[in-house]
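Welcome, and thanks for opening the viewer. Keep a selection box handy, and we will go from stop to stop together.

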Amino acid sequence: MKLGRLNHIGVATPDLDASIAFYRNVMGATDVTEPFVLESQQVRVCFVNTPGENGTAGTQIELLQPTSSDSAVGKWLEKNPLGGQHHICYEVPDIHAAKAWFEGLGKRVLGEPRIGAHGTLIFFVHPKDMGGQLTEIMETPKDGHH
């Protein structure tokens with residue numbers, strides 16, 4: 001398996017609307033998607049689109065606000081009440097092959113592949129097996145959208 005495109009950096013926040021205002025007013029973001037609830041992960045989420053080179057899409061910032069204190073992001077925010085970087089996400093062409101590859105290396109894959117915020121299959125790899133960083137692996141969207 002090869003390292004794929006860095007799709008996004010997940011940032012947990014206790015207040016999604018305040019974080020959107022921060023990215024617009026302080027960081028100069030001009031392209032922020034409309035927030036939506038991802039019930040399966042118990043989060044309210046939106047994406048800050050950063051510009052890439054030569055008109056291409058850049059890496060996204062995924063803003064995550066828990067809708068339940070019992071969710072994974074809710075529990076993470078209990079330990080990090082100000083929020084901050086929660087995970088990084090890399091694309092792969094085949095999610096099932098990537099899962100088998102990580103497991104073959106003895107890495108702890110957290111659950112089965114499931115639909116993520118981009119509408120494509122994802123899974124997470126435990127931070128203790130990834131240099132201390134929670135890592136999301138995402139199947140590259142088939143329609144070419146990132």
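**A guided tour, stop by stop**

Start by selecting Ser 68: apart from neighbours within four places in sequence, Ser 68 is in contact with Gln 42 and Gly 74. Keep in mind as you look around that this is a predicted model. Ser 68 sits in the loop that links strand 4 to helix 2 (72-79). Is Ser 68 buried or exposed? Its relative accessible area is 18%, and the cut-off for buried is under 20%, so Ser 68 counts as buried. Now show the side chain: Ser 68 reaches the backbone nitrogen of Asp 70 at 3.1 Å.

**Zoom out to the sheet**

Switch to a cartoon view and colour by strand. You should find 8 strands in an open sheet with mixed pairing, in the order 2-3-4-1-5-8-7-6. Which strands stand at the edges? They are strand 2 (36-38) and strand 6; each has a single partner strand, so one side of each lacks a neighbour in the sheet. Turn the view to see the twist, which averages 30° from one strand to the next.

Next, select strand 1 (residues 6-12) together with strand 5 (residues 84-92). These two pair in the antiparallel sense over 6 bridges. For a landmark on this pair, pick Gly 10, which stands opposite His 87 in strand 5. Then add helix 1, which packs on the sheet and touches strand 1, strand 3 and strand 4. The direction of helix 1 makes about 150° with that of strand 4.

**Into the core**

Select Val 11, Leu 16, Ile 20, Tyr 23, Ala 29, Val 32, Cys 46, Val 48, Ile 61 and Leu 63 and show their side chains: these 10 residues make up the largest nonpolar core. Helix 1 (16-25), strand 3 (43-51) and strand 4 (57-66) each supply at least two of the core residues. Which element gives the most? Helix 1 does, with 3 residues. As background, nonpolar side chains in soluble globular proteins tend to be buried together.

Centre the view on Tyr 23. Not counting residues up to four places away in sequence, Tyr 23 touches Val 11, Gly 28, Ala 29, Val 48, Ile 61 and Leu 63. There is also a second, separate core of 9 residues, and Val 43, Phe 47, Val 73 and Leu 77 are among them.

**The hairpin of strands 6 and 7**

Now select strand 6 (residues 109-115) and strand 7 (residues 121-125), which run antiparallel and are joined by 4 bridges. Here Ile 115 stands opposite Leu 121 in strand 7. The hairpin has 5 residues between the strands, and Gly 119 takes a positive phi near 80°.

Stay in this loop between strand 6 and strand 7 and select Thr 120. With 10% relative accessibility, Thr 120 counts as buried. What does its side chain reach? The side chain of Thr 120 reaches the backbone oxygen of Glu 139, at 2.6 Å. Leaving out residues up to four places away in sequence, Thr 120 touches Arg 114, Ile 115, Met 138, Glu 139 and Pro 141.

**Last stop: the annotated span**

Finally, select residues 5-140, which UniProt lists in an unreviewed entry as "domain: VOC". The C-alpha atoms at the two ends of residues 5-140 lie 9 Å apart. By content, this span is 21% helix and 40% strand.

Conventions: Residues numbered from 1 in each chain as written. Predicted model: local features only at pLDDT ≥ 70, side-chain atom pairs only at ≥ 80, totals over all residues. Heavy atoms only, no water. Core = buried A, V, L, I, M, F, W, Y, C linked by side-chain atoms within 4.5 Å. Buried < 20%, exposed > 50% of the residue type's maximum accessible area, 1.4 Å probe, protein only. Contact = heavy atoms within 4.5 Å. Pairing = 2+ DSSP bridges. Axes fitted to C-alpha atoms, helices over the stretch in contact; angles between N-to-C directions. Polar contact = N/O pair within 3.5 Å; in protein donor to acceptor, adjacent residues only side chain to side chain. UniProt positions renumbered as here; feature names shortened; annotations may be inferred.
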